[in-house]
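Please open the structure in your viewer and keep the selection panel at hand. We will go from stop to stop, and at each one I will say what to select.

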Number of protein chains: 2
Amino acid sequence: MSKLVASLKEAIALTGLRDGMTISFHHHLRNGDYVLNMVMEQIAALGYKDLTVNASSLFDVHEPLLEHIRNHVVTRLQTDYMSGVLGSAISSGVMEKPVEFRTHGGRPADIQSGRTPVDVAFIAAPTADPMGNCSGKYGKSACGSLGYAFADAMHAKKVVVITDNLVSYPLADWSISESYVDYVVQVDSIGNAAGIVSGTTKITRDPVGLAMAADAAQVIRHSGLLKDGFSFQTGAGGASLATAKFLKSIMLREGIKGSFGLGGITGYMVEMLNAGCFETLLDVQCFDLDAVTSIRDNPRHREISAAHYAAPGCRSAIVDSLDVVILGATEIDVDFNVNVHTDSTGRIMGGSGGHSDTAAGAKLAMIIAPLSRARLPIVTDHVTCVSTPGSTVDVLVTQKGIAVNPARKELRDRLVSAGLPVRDIHELKEMAEKLTGIPRKLPRGDRPVAEILYRDGSHLDTIYNVPGSL
Amino acid sequence: MSKLVASLKEAIALTGLRDGMTISFHHHLRNGDYVLNMVMEQIAALGYKDLTVNASSLFDVHEPLLEHIRNHVVTRLQTDYMSGVLGSAISSGVMEKPVEFRTHGGRPADIQSGRTPVDVAFIAAPTADPMGNCSGKYGKSACGSLGYAFADAMHAKKVVVITDNLVSYPLADWSISESYVDYVVQVDSIGNAAGIVSGTTKITRDPVGLAMAADAAQVIRHSGLLKDGFSFQTGAGGASLATAKFLKSIMLREGIKGSFGLGGITGYMVEMLNAGCFETLLDVQCFDLDAVTSIRDNPRHREISAAHYAAPGCRSAIVDSLDVVILGATEIDVDFNVNVHTDSTGRIMGGSGGHSDTAAGAKLAMIIAPLSRARLPIVTDHVTCVSTPGSTVDVLVTQKGIAVNPARKELRDRLVSAGLPVRDIHELKEMAEKLTGIPRKLPRGDRPVAEILYRDGSHLDTIYNVPGSL
């Protein structure tokens, strides 16, 4: 017995795929992913129409998806993040139905509850055996964690594993087990290694970024949370990494033993693990080669599913126990609402990912952002799109001062006592506007191109088309 | 946020347990388990009635369950195995409704499909954190794998983790994740270490057992399956271990690199792993301390869920890829049907466990049994109870010869060519009867006390009460 089928075409036929069904993809191969495109090309060639694509994230490499949208092969899109090339086309109105944006926690919750059932899941697997046990830790296309693929594998009606490194049975160190897999397809390559992971994650050298990072580290230090058992998540952006660097120095100097580092994991978090800042790393996605090597070789670096990471539909998720998360923003308004879906012109170039999940869970959710970018203010009266509700955001750190959510008076007092440059967020807004001028109010189109769903399924906001570009 | 509750009583109240519901237990603490008894004692004290208990196995230590049955606290029992003390009482008719016997593969299949829904699962956890991440690998009550508990945790409406080793969050090396756990209760002790695992597994010294083991190893050697990639399961019985010992010698001598050892794992299988006979051990239950140490420390020794092990309801299970399994029998008949539920008098003293799952999956399912025990023949015309259908059993090895299922002519030819003492099974039956005399046909009661359900849910047999003992 073997689940190997000779071709992707045959596997698609075996799944019983029909027009109108939902297929799903995960994004651990990031901008190096070949699998979504190769599956969609085959599906288009077979003449399918009116499919829903549920992808945990979409990158510029997935530009061919636009052609399948134009041809009505794909008529509905569900995702947690979409980078600029696709985002721009969606904002221009290429699709009739609005894109449904979820979060990295809301997506698995909706899949497992049946609110967004998946008919066929396609799992890009850097290593698999002929029965479908598979892992991201090994092979030429190794990506480390397969965290976002678990819900798809566990709940889709049919599951196809696509691999470029077929090993003999059993793959002992499986992430997703054969229990869930229907078919296995061997292909030459599932991705471009250079696009899957970056060589190293880089700390910012920009003085503005370093100034913000230094203040951010001081906010954490004086928050009351930085003590033994401390837990932390940060992204892969330059200022976030610089904050982690400053934080690492403080933790080592003061002998603070943290409990866990969480999230998408970079080599910098691996360094913190190895330096003794954390007991363990809990990893839903590896951002670079150091993280991939570490999750493979270090038993204290553990793979987690997206549900375990952040799903509100579970009995608990790790974000519920998180102390501090550092997050970015394209805009933040005076009510601390954050936009990470669009730029200031309203054009889609991102998505929540785990942004609103971690903000909701963490005891301290901190936004690091400069006052302005590309001559547009970051701090505004109203964000163009609410990605993360202001009620879950605690602090904004800019290069000109720190604003604390008024609901967090105790935290504000702590930071003021520590002598940090705490300002009212309206003051920061005015400073931003002085730098850039008050931006001209941009006209908004009247056609919804995306709906933003909060992690609990409630409706947060609607993104409209960008006029003149249809 | 924490899921810790102050007492078991409080946890039971929080689950919303009501009369008539189903509660479940797993059996990794074996005859050292305190958890089932402590939960049932509390439930009885709280006045609940008419509960269904779904326990993966029941041991003599669970004798207090009989009192709860007599008092109608428990009115329905679902299990895969029941040792003598409870079995004898059930055979005497202590319970009104027949016990439902399933298999270790059928049980998780029925739980996950909803055929046997569980309202509240109680997980005996040798180590847990306050959010419910838990493991069997650590702590004073370490039992190793928690394989049988996964289906309960993943599908029960409420899940209570009971631990005597609470560690700080997060327990990085969890087996069952907090995603599934509602409440955590800390108690002094979940079990008696001496009953949880034996010190060492012992190879038989009995000459009859050794003779059978030597022949069994030769059957495997000449089956055509003993080559690179070979996979193997055996139990903890003396003759089975002796077979493994002979097999190990052959594999090392001939340089055969097996792929995996499967099942309940003993120190002897760990020795085979470490000697290079297998690439990996796939472990649903640890039988002894060596296995517990190995699953904790050796990344090639992996925990598997009961579903991954053997569930027919999954896309595949590991048993589907198994080459050889060695199994026992209390009786085997001329059609190769095997009884492991009752002794020859019809009294319950066992259960299928993984017997019929592995027999169905393995390419070669071998029964090792002496011709007679306690002056009763093992080979009979009709087994008292069909636990495993003869169509899935390939070979019987006794001390007086080897019988091959007539459906396996190619295998028979191989063994005859190798000069092994192959006999017709009728011949073995006659030899058995010469040793013991033809046993008096025992009268059968007319009240069903247990129903045997095959792994696919179909009805295999009914066990009736043993008359005169009601």
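The tour below starts with the whole assembly and then visits single helices and side-chain pairs.

Before we set off, a word on conventions: this is a predicted model, in which local features need pLDDT of at least 70, side-chain atom pairs count only at pLDDT 80 or more, and totals for chains, interfaces and linings use all residues. Residues are numbered from 1 along each chain as its sequence is written, chains are lettered from A and ligands numbered from 1 in the order in which they are written, and side-chain values use heavy atoms, with hydrogens and water left out.

**Stop 1: both chains**

Colour chain A and chain B separately. A rotation of 180° with 0.0 Å of shift along its axis places chain B on chain A with an RMSD of 0.0 Å (least squares on the C-alpha atoms of residues with pLDDT of at least 70 in both). The two copies are thus related as by a two-fold rotation axis. To find that axis, select Pro299(B): in chain B, its C-alpha is the nearest, 4.4 Å away.

**Stop 2: the interface**

Now select the residues in contact (heavy atoms within 4.5 Å): chain B gives 37 residues and chain A gives 37 residues. Together the chains bury about 2700 Å², 54% of it on carbon and sulfur atoms; this is accessible area, taken with a 1.4 Å probe, that the two parts lose on being put together, summed over both. Show Trp174(B), His308(B) and Arg315(B) as sticks, since in chain B they lose the most area to chain A, together 27% of what that side buries.

Next, look for charges. Across this interface there are 4 salt bridges (a side-chain nitrogen of Lys or Arg within 4 Å of a carboxyl oxygen of Asp or Glu). One of them joins Arg302(B) to Asp173(A), at 3.2 Å from N to O. Elements giving two or more residues to the chain B side include β13 (280-286), β14 (301-303) and α12 (306-310); helices (H or I, at least four residues) and strands (E, at least two) are DSSP runs, numbered from the N terminus.

**Stop 3: helix α10**

Select residues 267-274 of chain B. Why is this helix α10 called largely enclosed by the rest of the structure? Because 6 of its 8 residues are buried (under 20% relative accessible area with a 1.4 Å probe, protein chains only; exposed is over 50%, partly exposed in between). Tyr268(B), Met272(B) and Leu273(B) are among the buried ones, and the buried residues pack against elements including α9 (238-254) and α11 (289-297) of chain B. Just after the helix comes Gly276(B), with a positive phi near 90°.

Switch to chain A for a salt bridge from α10: Glu271(A) pairs with Lys248(A), the closest N and O atoms being 3.2 Å apart. Lys248(A) lies in helix α9 of chain A, so the pair ties together parts 23 residues apart in sequence. Glu271(A) is partly exposed at 40%, whereas Lys248(A) is buried at 15%.

**Stop 4: two more pairs in chain B**

Select Glu100(B) and Arg76(B), a salt bridge at 2.7 Å between the closest N and O atoms. Glu100(B) sits in strand β5 and Arg76(B) in strand β4, 24 residues apart.

Finish with Glu433(B) and Lys429(B), whose side chains meet in a salt bridge at 3.6 Å, N to O. Being 4 residues apart in helix α15 (residues 425-436), they are separated by about one helical turn.
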